[in-house]
Number of protein chains: 2
Amino acid sequence: MKAAILTVGTEILFGEITNTNSVFLSRRLNDMGIDVLYHHTVGDNPRRLAEMIGIAFQESDIVITTGGLGPTQDDMTKEIACQVMGDHLVMHDDILDFIRNRLLAYKAEMSENNVKQALLPSRCRVFFNDAGTAPGFALDGPAGGGSTEKRWIACLPGPPKEMTRMFEKSVVPWLEELTDGCLVYKEIRTFGIGESDLETALLPIIDGQTDPTIATYAKNGECSVRVASKRKSREEAERAVDEMVDQVKKYVGKFIYSTDGEEYPLVVGNKLMSRGLTIAAAESCTGGMFGAALTDIPGISAVFDRSLVTYSNQAKIDELGVRPETLEKYGAVSEQTALEMAEGVRKKAGTDIGISVTGIAGPDGGTEEKHVGLVYIGLSFGNQCICRKIDRRIKERQRNRRHAVLSMFDMIFRNVQ
Amino acid sequence: MKAAILTVGTEILFGEITNTNSVFLSRRLNDMGIDVLYHHTVGDNPRRLAEMIGIAFQESDIVITTGGLGPTQDDMTKEIACQVMGDHLVMHDDILDFIRNRLLAYKAEMSENNVKQALLPSRCRVFFNDAGTAPGFALDGPAGGGSTEKRWIACLPGPPKEMTRMFEKSVVPWLEELTDGCLVYKEIRTFGIGESDLETALLPIIDGQTDPTIATYAKNGECSVRVASKRKSREEAERAVDEMVDQVKKYVGKFIYSTDGEEYPLVVGNKLMSRGLTIAAAESCTGGMFGAALTDIPGISAVFDRSLVTYSNQAKIDELGVRPETLEKYGAVSEQTALEMAEGVRKKAGTDIGISVTGIAGPDGGTEEKHVGLVYIGLSFGNQCICRKIDRRIKERQRNRRHAVLSMFDMIFRNVQ
């Protein structure tokens with residue numbers, strides 16, 4: 001099956017919003033073996049919207065729209081979907097009740113606009129909205145041109161939170177029925193291997209593979225592998241995915257830190273919380289990014305005590321007890337300083353773990369001996385204190401800082417058992 | 001004039017990449033008074049690319065493509081542009097020299113693929129690439145269908161860094177010639193006012209305004225106002241923009257912190273660096289985000305000394321000298337604690353400024369008395385120590401944390417003179 005993704009909203013054509021819905025939908029449709037041929041964005045303009053749906057149907061079996069389902073004058077996706085598929089809007093009483101109950105829960109009044117949201121195509125399949133008031137729907141119709149084939153349109157709300165929840169809960173089952181299969185996927189996250197190395201390493205299992213599908217993605221210094229299978233039964237699909245995940249582990253297992261899509265801060269945070277291991281950090285070049293990432297996790301205060309961002313040498317001496325002789329002899333960016341920072345913060349905070357980072361983030365500040373991109377990570381845990389040196393010679397400050405933070409999580413993940 | 005933006009690349013249809021090029025181009029084209037009617041994305045497929053350009057030209061005068069200019073087999077934007085506009089590729093010797101010199105600077109060899117990059121349409125206007133090897137170009141051709149009108153296609157490379165630099169340096173002048181006008185724009189950044197309030201406040205000057213154009217954008221808890229003018233001469237456009245910026249200041253001046261698009265960390269960082277004012281921070285609910293944001297700025301070590309992320313009460317006592325009685329009597333999230341944190345870190349670090357934050361980021365952890373979203377910002381500077389209370393009652397952890405960080409910058413910006 002082939003699909004087109006059609007985003008509706010003038011705000012996107014003004015550049016006010018980044019179109020992340022198309023990224024999400026592309027990934028999930030590709031997981032299901034549905035080829036995405038086009039992304040289109042049109043403004044809140046009925047003629048252009050209708051024409052673009054028509055153009056999309058020339059090659060695609062399915063058109064998925066996001067946006068334009070709200071209750072205002074601008075929002076006309078429902079009307080245009082009816083026009084193209086040959087249907088008309090009717091009041092759906094179950095939806096009206098659903099919206100009324102949602103509003104009651106928020107102690108909000110039902111407005112005329114809210115009532116309008118219960119108007120949906122007469123023969124559509126309704127997708128309830130768990131995170132907002134605008135319902136989505138799917139509608140089929142003839143391909144046209146004398147053909148007996150069918151076409152499908154699925155209209156989803158624009159806000160990403162509403163759209164993604166509706167997709168997982170209602171659209172996936174609908175697509176599974178449509179394609180007569182059950183879809184299961186897993187996202188394997190890795191650290192420490194580049195995308196091309198990852199692809200090369202996995203080539204023997206990627207090559208010629210149709211189900212499960214295997215795809216690699218790179219983002220912000222990390223690579224992930226998505227494994228997806230569509231089979232007649234969920235059990236079969238799950239088994240196929242699990243077997244393929246095992247295969248992936250065989251080839252690149254040492255780089256994997258998660259097989260369910262969880263990112264490093266959450267994986268490490270959960271590990272620390274489940275084992276009741278307390279942690280304190282000493283940061284230099286990352287400026288607080290490690291603490292910021294870890295404290296994204298609600299409830300992390302149970303184990304995270306403090307992070308001391310010691311940017312100046314004096315702060316490293318004052319706060320962490322790094323010895324002035326160490327700074328003088330080896331410099332702030334050195335194995336010795338990283339080790340003293342990790343030990344110092346652990347001792348001061350009285351935590352189970354002390355983690356530290358010191359490096360040259362760039363773009364300037366490097367020397368012949370110590371290049372931009374040189375980073376040391378220190379870890380004090382149990383009765384050992386160890387250090388990892390990273391020497392990537394990359395000039396970009398942001399990339400170096402992000403990589404250093406991920407390396408801190410990696411250092412904990414690999415060494416705290 | 002009307003435009004369509006056409007992104008070329010299968011990786012976008014797989015969801016591997018978020019299409020930020022279209023956001024950038026939409027904004028800049030709208031600045032210039034060029035209406036963007038559509039965004040399209042097609043894969044590396046010559047037939048679909050050609051068809052989509054044809055479809056775009058049905059309504060648009062200009063099609064801007066990004067991607068598909070690289071030297072590999074997949075990249076065929078040049079060929080298809082020639083096909084649609086009625087031209088053919090020829091070797092451009094000046095480009096060949098340019099590429100050779102670039103590669104020399106990198107001590108890289110010229111490959112056959114690099115030579116191919118100097119093949120461009122015979123009658124195109126070349127856009128040199130400052131950040132990579134693939135040149136871009138613009139090409140015109142007849143509208144077709146017996147019309148005497150013209151159409152234009154501009155083909156730019158896909159990597160955002162190359163594309164944006166090429167756009168500013170070469171595409172803007174070309175568009176200025178095409179539309180016979182000079183474009184000037186400014187981005188005004190505000191904090192502390194919501195987008196709808198901002199729009200309402202500016203309504204008297206937005207309403208019926210065609211040049212300069214005024215548009216508001218909201219992102220990550222901040223709103224910006226873009227003012228753009230296209231006039232016969234650059235001086236005229238600059239004057240028109242400056243006058244409109246003054247108008248905007250009259251209406252919402254107290255919320256403005258920058259009129260040249262600079263974000264808060266950079267504005268505050270530059271202010272501190274230019275005055276030689278040193279700073280230390282004490283963070284709780286933000287977990288290090290303030291330090292992380294400030295240390296994004298290269299060279300900030302001249303004024304930024306340390307940030308103590310004191311997540312636990314014990315850390316607040318140990319590190320900042322917050323009195324246990326204060327924590328006991330008023331709680332960790334209180335004006336008193338925020339003030340003691342700011343004073344404590346300033347005293348300890350011996351800096352000119354001490355800034356602090358303590359709050360309940362959520363989603364849980366609130367009480368009847370202290371809601372999720374309650375945040376206190378403390379500032380110690382000169383001979384005063386002041387506190388700002390923020391009570392937004394928003395449940396989302398990320399939004400509360402981001403807003404708290406911006407509030408810290410705002411607190412410094414407004415009170416450190």
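**Exercise 1. Aromatic pairs**

Find how many aromatic pairs the whole structure holds, and describe the pair of A:Phe24 and A:Phe167.

*Solution.*
Step 1. A search over all chains of the structure finds 19 aromatic pairs. The structure is a predicted model.
Step 2. Take A:Phe24 and A:Phe167. Their ring centres are 5.6 Å apart, and their planes make an angle of 85°. Planes over 60 degrees apart count as edge-to-face, and this pair is edge-to-face.
Step 3. Place the two residues. A:Phe24 belongs to helix H2 (residues 20-31) of chain A, and A:Phe167 to helix H7 (residues 160-179) of chain A, so the pair ties together parts that are 143 residues apart in sequence.
Step 4. Check the burial of A:Phe167. Its relative accessibility is 0%, so A:Phe167 counts as buried.

**Exercise 2. A second pair and its cluster**

Classify the pair of A:Tyr264 and A:Phe409, and find which residues form one aromatic cluster with them.

*Solution.*
Step 1. The centres of A:Tyr264 and A:Phe409 lie 6.5 Å apart, with 25° between the planes. Planes under 30 degrees apart count as stacked, and this pair is stacked.
Step 2. A:Tyr264 lies in helix H10 (residues 264-275) of chain A. A:Phe409 lies in helix H15 (residues 397-415) of chain A, so the pair ties together parts that are 145 residues apart in sequence.
Step 3. Both A:Tyr264 and A:Phe409 are buried.
Step 4. One aromatic cluster joins A:Tyr264 and A:Phe409 with A:Phe191, A:Tyr257, A:Phe290 and A:Phe413.
Step 5. A:Phe413 also has a charge over its ring. The charged end of A:Lys271 sits there, 4.7 Å from the ring centre.
Step 6. Chain B offers another case of a charge over a ring. B:Arg27 lies over the face of B:Tyr217, 4.5 Å from the ring centre.

**Exercise 3. The two sides of helix H9**

Compare the span of helix H9 of chain A with its expected value, then sort residues of H9(A) into buried and exposed.

*Solution.*
Step 1. Helix H9 (residues 234-252) of chain A has 19 residues. At 1.5 Å a residue, they should span 27 Å. The end C-alpha atoms are 26 Å apart, which agrees.
Step 2. List the buried residues of H9(A). They are A:Ala237, A:Ala240, A:Val241, A:Met244, A:Val245, A:Val248 and A:Val252.
Step 3. Look down the axis. These residues cover an arc of only 135°, which puts them on the same side of H9(A).
Step 4. Recall the geometry. An α-helix has 3.6 residues a turn, so residues three or four places apart point the same way.
Step 5. Turn to the other side of H9(A). There A:Glu235, A:Glu243 and A:Lys250 are exposed.
Step 6. Find the cover over the buried residues. The cover includes strand S9 (182-190), helix H8 (195-206), strand S10 (213-219), strand S11 (222-231) and strand S12 (256-258) of chain A.

**Exercise 4. Backbone details**

Locate the cis peptide bond of chain A and describe phi at A:Gly86, A:Asp180 and A:Arg393.

*Solution.*
Step 1. The bond from A:Asp211 to A:Pro212 is cis, with omega near 0°. A:Pro212 is in the loop between H8 and S10 of chain A.
Step 2. Look at chain B. A cis peptide bond joins B:Asp211 and B:Pro212, with omega about 0°. B:Pro212 lies in the loop between helix H8 (195-206) and strand S10 (213-219) of chain B.
Step 3. A:Gly86 follows H4(A), and its phi is positive, near 70°. Within helix H4 (residues 77-85) of chain A, the buried residues include A:Ile80, A:Ala81 and A:Met85.
Step 4. A:Asp180 is not a glycine, yet its phi is positive, near 55°. A:Asp180 lies in the loop between H7 and S9 of chain A.
Step 5. A:Arg393 is also a residue other than glycine with a positive phi, near 55°. Its place is the loop between S17 and H15 of chain A. With a relative accessible area of 52%, A:Arg393 is exposed.

**Exercise 5. Two copies**

Work out what kind of axis relates chain B to chain A.

*Solution.*
Step 1. Chain B can be laid on chain A by a turn of 180° and a shift of 0.0 Å along the axis, with an RMSD of 0.1 Å.
Step 2. That is the relation of a two-fold axis.
Step 3. Compare the contact residues. The same surface serves both copies, and 98% of the contact residues of chain B recur in chain A.

Key
Residues are numbered from 1 along each chain as its sequence is written. Chains are lettered from A and ligands numbered from 1 in the order in which they are written. This is a predicted model: local features need pLDDT of at least 70, side-chain atom pairs count only at pLDDT 80 or more; totals for chains, interfaces and linings use all residues. Side-chain values use heavy atoms; hydrogens and water are left out. Copies are superposed by least squares on the C-alpha atoms of residues with pLDDT of at least 70 in both. Contact means heavy atoms within 4.5 Å. Rings of Phe, Tyr and Trp (its six-membered ring) pair if their centres lie within 6.5 Å; planes under 30 degrees apart count as stacked, over 60 as edge-to-face and the rest as tilted. Helices (H or I, at least four residues) and strands (E, at least two) are DSSP runs, numbered from the N terminus. Buried means under 20% relative accessible area, exposed over 50%, partly exposed in between (1.4 Å probe, protein chains only). A charge sits over a ring if NZ of Lys or CZ of Arg is within 6 Å of the ring centre and within 35 degrees of the ring normal. The expected span of a helix is 1.5 Å times one less than its number of residues. The arc is that of the directions from the helix axis to the C-beta atoms.
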